[in-house]
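Thanks for coming. I will go through a few local features of one model, and you can follow along on the screen.

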Amino acid sequence: MDTKRYTLDFAGQPLIFEVGRMAEQANGAVFAQWGETAVLATCVMSDKNREGIDFFPLSVDFEERLYAAGFIKHSRFMKREGKPTEESVLYGRMIDRAIRPRFNHSLRREIQVIITTLSLDNKNNVEILALNAASLALMISDIPWEGPIAALKAGLSQDDHWTFSPSFAEQQENKGNLVIAATANKINMIESGGNEITEDQLLASVGTMMGELQKMIDFQNQIKSEIGKQKQDDLIEKINPGIQGLTEEFLKDKINDALFAKEKSEKNEQLSSVKEALFELVASKAAELGLKETKATADALHVLEEAVNQFVHRKLLQEKARVDGRGLDEIRNLEPEVGILPRTHGSALFKRGQTQALSVVTLGGPGDIQLLDGMETLEQTKRYFHHYNFLPFSTGEVKRMVGPARRDIGHGHLAEKALIPVLPEKEIFPYTIRVVSEILSSNGSSSMASTCGSSLALMDAGVPIKKPVAGIALGLMMEGENYEILTDIQGPEDHYGDMDLKVAGTEAGITAIQMDVKIEGISQQMLAQTLQKGKQARLFILEKMKQIIAAPRPDLSPWAPRIYTLQINPDKIRTVIGPGGKVINNIIDETGVTIDIEDTGLVVITSKSDEAAKKAIDWIKNLTHEVQRGELFQGRITRILTFGAFAEILPGQEGLIHISELANYRVAKVEDVVKIGDVVPVKVKDIDDQGRINLSLKDAQGGNPNNDNGDSKQSNN
């Protein structure tokens, strides 16, 4: 097709969508440019159904390219982009959460959405451009999809002023950042992090952003009307009427008992028994209905899922009954504990109902920081990172283990984002901090259990966080205009519910939000009600946590390393490092400490032994000490000449003891008083204009070779 080019002024910058020039074999492809940031969004649908699956096979990938930012990978051995960075996984998940609800989940064709970053200006948000471009690519394709959606980011400055599309540098300085995706009338995805943003502040921004988002919605609709392909809606398979009736008749009175079982394991066992009996029934009837057994089973499973979904909604909306008997705002039983692991630096076990998260803190020195390798974050570092592990036993399942899944990365990042605002500044607490959350049992909202557990573990470790943080997941059941918001959702309410909104924060405000939906979206009024319920729940949980540990412990664990700092003259950094790192490596080898030196001359020493740290500190002090007239030292004789002897008073620093300064009497020969290797007390007599040090042995005789503080100075050799 001919190249079509469309332009829109979006959030104060010209945004260009171009169709027809690139990726012509994809079902839909859009080249998008916003300022000098550019991406290519493509969507492709397979030509056959994927047999034997009971889910909608959608994959979304955000592809980073370092050339977009003008970088070559730093590794000497690997110059090609490797596995997806954490940043690219998070962007891909965000786009997935926004576009997935607008598909018909009965579709069994594989659909792959790929967004490739081609140019990056660090001003216009690449993930926002990617999401809008992906929406348009799906809109103009023949893939069944009920779009469009639009996305925008806003930033809250330190003076509480919201601005659209903050640059990457501005985001680092902002008090908070908020991403929203929306349909024409509803909010369908939220991603936010901030330093105690109030509910009112967030809602005010949402109202402003919706107007700008509507411009993008209208823009995409206009483009679709001009060049959009006919959708292949006939690909969505219809449920066989015979299987529909057979399944509905079989399920009468069977769902209630299964879903209202007390324990999750009992629920799963009863539902499995129902499924097994149902599949045996439809398999025996498949031939009569002219169906393959796989088709009959898939249709029966679809009817079962829809029946359970309707049952859960009806019970909640009509009878106000939750599957575990709780009230709509009731939080499951909380059981927080701290200090449960004997040799770790800090630990906590946070249990909410059947969800259980074990969070463990490890403290390290500045040299343990994480180096980032994303397009936007290349050459940057992280001193705090949260890792989340969700192993199969947590849900009573057996699965292949292949390392962190995208979900693990996303949940870990959410908990990390929730706690960053309360961490102590580097100048106060120079440690690198790693928190790992092991999900031991899961029945809803494990990411928020990780957030609560990590807050407790940090306090148990003695990390001076400013305030504790708690989190909660809220859900929604909705039919038409009738809806109810649920506090602390568990498994079935998450799976069959219409919204999952996780919100974390302190007593003063919100630090992180993540929301996705299974319906078109929610209104601003519904969002306001949800945030208010989230605040009430957060305050309740924080109070329970405070009963276990109210503030960070005053001392670090005895197993944690200690960090000592020393300020030296920046001109002396080279002296401490030595040629090829010889000197600093010698100190490290001899003492077992870790040493980090900043350009400002700040030396940070990390050690598990006070004695080793003191030895390293004294060594560095001696290396960098600027000798003053009148100071006393223990000098080691290194050279003897006819006119005097040279003595090393500090590592690498020598002074001359003139023959006339060796004794209170006339010395005929230097060797009569000192020999090479002798250690003798000396006093700094003078330092000339060229920095040469003149020493006196006779002036030091009878005196203690100490400085003003009484600390003996001697060369570390």
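To begin with, keep in mind that this is a predicted model. I start with a sheet. Three strands make up an open sheet, ordered E22-E24-E23, with antiparallel pairing. Its edges are strand E22, residues 562-567, and strand E23, residues 594-597, each of which pairs on one side only. From one strand to the next, the twist averages 20°. As a reminder, strands of a sheet pair through backbone hydrogen bonds, either parallel or antiparallel. E22 pairs with strand E24, residues 602-607, through six bridges in the antiparallel sense. To find the register on screen, look for Ile 563, which stands opposite Thr 606 in E24.

Next, another set of strands. How many of the residues in strand E12 are buried? Six of the seven are, so much so by the cut-off of under 20% relative accessible area that strand E12, residues 346-352, is mostly covered. On one pairing, five bridges join E12 to strand E11, residues 334-338, and the two run antiparallel. There, Leu 334 has Arg 352 in E12 as its bridge partner. E12 also pairs with strand E13, residues 355-364, through seven bridges, again antiparallel. In that pairing Leu 349 is matched with Leu 358 in E13. The hairpin of E12 and E13 has two residues between the strands, and Gly 353 in this hairpin takes a positive phi near 65°.

Now the cavities. Two cavities of 30 Å³ or more are found in the structure. The largest has a volume of about 50 Å³. Ten residues line the largest cavity, and those closest to its centre are Val 312, Leu 316, Ala 321, Arg 322 and Val 323. Which element gives the most to that lining? It is helix H8, residues 293-319, with three residues. By residue type, the lining of the largest cavity comes to seven nonpolar and three charged, with no polar residues.

The second largest cavity has a volume of about 30 Å³. Its lining consists of Asp 61, Phe 62, Glu 63, Pro 84, Ser 88, Val 89 and Arg 406. Strand E5, residues 58-63, and helix H1, residues 86-99, each supply at least two of these lining residues. E5 gives the most, with three. The lining of the second largest cavity divides into three nonpolar residues, one polar and three charged.

Phe 62, which is in that lining, leads to the next topic, the aromatic rings. A pair of aromatic rings is described by the distance of the centres and the angle of the planes. The count here is seven aromatic pairs. One of them is Phe 62 with Tyr 91: the ring centres are 5.1 Å apart and the planes stand at 80°, so this pair is edge-to-face. Because Phe 62 lies in strand E5 and Tyr 91 in helix H1, the pair ties together parts that are 29 residues apart in sequence. Are these two rings' residues buried or exposed? Phe 62 counts as buried because its relative accessibility is 4%. Tyr 91 has a relative accessible area of 14%, so Tyr 91 is buried as well.

Another pair is Tyr 388 with Phe 390, and this one is stacked: the distance is 6.3 Å centre to centre, with 10° between the planes. Tyr 388 has 3% relative accessibility and so counts as buried. Phe 390 has a relative accessible area of 21% and is therefore partly exposed. That value is worth reading against the cut-off, since buried means under 20%. There is also an aromatic cluster, made up of Phe 56, Phe 103 and Trp 145.

The last item is Arg 636. Arg 636 is placed in strand E25, residues 632-641. Its relative accessible area is 31%, so Arg 636 is partly exposed. How far apart are Arg 636 and Ala 647, in sequence and in space? The separation is eleven residues in sequence, and 5.0 Å from C-alpha to C-alpha.

To recap the second largest cavity and the rings: Phe 62 lines the second largest cavity, and the ring of Phe 62 forms an edge-to-face pair with that of Tyr 91. That is the end of my part.

Definitions and conventions
Residues are numbered from 1 along each chain as its sequence is written. This is a predicted model: local features need pLDDT of at least 70, side-chain atom pairs count only at pLDDT 80 or more; totals for chains, interfaces and linings use all residues. Side-chain values use heavy atoms; hydrogens and water are left out. Two strands pair if DSSP finds at least two bridges between them. Helices (H or I, at least four residues) and strands (E, at least two) are DSSP runs, numbered from the N terminus. Axes are lines fitted to C-alpha atoms, for helices over the stretch in contact, and angles run from 0 to 180 degrees between N-to-C directions. Buried means under 20% relative accessible area, exposed over 50%, partly exposed in between (1.4 Å probe, protein chains only). On a 1 Å grid over the protein atoms alone, a cavity is a set of points where a 1.4 Å probe fits but cannot get out, and a pocket is an open set with protein on both sides within 12 Å along at least five of seven lines; lining residues have an atom within 4 Å of a point. Grid points are joined across faces, edges and corners, and a volume is the space filled by probe spheres set on the points. Ala, Val, Leu, Ile, Met, Phe, Trp, Tyr, Cys and Pro count as nonpolar, Asp, Glu, Lys and Arg as charged, and the others, Gly among them, as polar. Rings of Phe, Tyr and Trp (its six-membered ring) pair if their centres lie within 6.5 Å; planes under 30 degrees apart count as stacked, over 60 as edge-to-face and the rest as tilted.
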